[in-house]
Amino acid sequence: MTDTSADHDQAVYKIGDLAEEFGVTLRTLRFYEDKGLLKPTRVGVTRLFSKRDRARLKLILLGKRVGFSLTEVKRMIDLYDPRGKNVTQLKVALTKGEEQMRVLEQQRDNIHVAIAELERTIQVVRDMLAESE
């Protein structure tokens with residue numbers, strides 16, 4: 001973290017700071033900026049990210065990890081109103097989260113079935129090899 005302002009309460013992060021902290025590439029952060037997900041300020045060619053950008057990055061990465069598209073993540077994040085109670089954002093996040101939970105649960109069930117089938121197939125192949133040796 002770099003303190004580049006007179007206001008010591010305002011955390012400012014350089015692109016490398018965030019990349020290292022979150023285990024992403026500089027290219028990833030620039031991509032998120034190009035998509036309007038992050039909005040760093042610039043001092044010359046240096047990108048300076050705020051606490052807000054850092055929080056948004058954390059949400060972007062969480063959203064990606066659970067299977068949301070960047071478009072969905074952006075829509076949910078953009079509903080945030082720092083002056084409001086964010087009821088709309090919370091309702092959308094809850095609905096999307098519940099929908100994604102059902103998708104992931106179905107994928108998990110499909111994976112369990114595939115694993116069981118593969119285990120049986122591997123055992124059949126082992127048995128066939130044992131018989132032929």
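## The aromatic pair

In this predicted model, Phe31 is partly exposed, with a relative accessible area of 38%. Tyr32, by contrast, is buried, and its relative accessible area is 2%. The two values fall on either side of the 20% limit under which a residue counts as buried.

Phe31 and Tyr32 also form an aromatic pair, and the structure holds one such pair. The ring centres of Phe31 and Tyr32 are 6.1 Å apart and the ring planes stand at 55 degrees, so the pair is classed as tilted.

## Leu70 and its contacts

Both members of the aromatic pair are touched by Leu70, whose contacts also include Leu37, Ile60 and Lys64 when residues up to four places away in sequence are not counted. Leu70 belongs to helix 4, which covers residues 70–78. Leu70 is partly exposed, with a relative accessible area of 23%.

Of these contacts, Leu37 is 33 residues from Leu70 along the chain. The C-alpha atoms of Leu70 and Leu37 are nevertheless separated by 8.5 Å.

## The nonpolar core

The largest nonpolar core contains 18 residues. Those that touch the most other members are Leu18, Leu29, Tyr32, Leu38, Phe49, Leu57 and Ile60. At least two residues of this core come from each of helix 1, helix 2 (26–34), helix 3 and helix 4. Tyr32 thus appears both in the core and in the aromatic pair.

Phe49 has contacts with two other residues of that list, Leu18 and Leu38. Further contacts of Phe49 are Ala11, Val12, Tyr13, Lys14, Ile15 and Pro40, again leaving aside residues up to four places away in sequence.

## The three-stranded sheet

Three strands form an open sheet in the order 1-3-2, and their pairing is antiparallel. Strand 1 (12–14) and strand 2 (41–43) are the edge strands, each of which pairs on one side only. On average, neighbouring strands of the sheet are turned by 40 degrees against each other, direction ignored.

Strand 2 and strand 3 (residues 46–50) run antiparallel and are joined by three bridges. Within this pairing, Arg42 has Arg47 of strand 3 as its bridge partner.

## Helices across the sheet

Two helices lie across strand 1 and strand 3. Helix 1 (residues 15–22) does so while running at about 85 degrees to strand 1. Helix 3 (residues 51–65) also lies across strand 1 and strand 3, and runs at about 80 degrees to strand 3.

Helix 1 and helix 3 also pack against each other. Two packed helices are described by the angle between their axes and the distance between the axes. For helix 1 and helix 3, the angle is about 35 degrees and the axes are 12 Å apart. Their crossing is right-handed. Helix 1 contributes Leu18, Glu21 and Phe22 to the contact, while helix 3 contributes Arg54, Leu57, Lys58 and Leu61. Among these contact residues, Leu18 and Leu57 are also listed as residues of the nonpolar core.

## Gln100 in helix 5

Helix 5 spans residues 87–132 and includes Gln100. Gln100 is buried, with a relative accessible area of 13%. Its contacts, not counting residues up to four places away in sequence, are Val66, Gly67 and Phe68.

Definitions and conventions. Residues numbered from 1 in each chain as written. Predicted model: local features only at pLDDT ≥ 70, side-chain atom pairs only at ≥ 80, totals over all residues. Heavy atoms only, no water. Helix = DSSP H or I, 4+ residues; strand = E, 2+ residues; numbered from the N terminus. Buried < 20%, exposed > 50% of the residue type's maximum accessible area, 1.4 Å probe, protein only. Contact = heavy atoms within 4.5 Å. Pairing = 2+ DSSP bridges. Axes fitted to C-alpha atoms, helices over the stretch in contact; angles between N-to-C directions. Phe/Tyr/Trp six-rings, centres within 6.5 Å; stacked < 30°, edge-to-face > 60°. Core = buried A, V, L, I, M, F, W, Y, C linked by side-chain atoms within 4.5 Å. Left-handed = near helix turned anticlockwise from the far one by under 90°.
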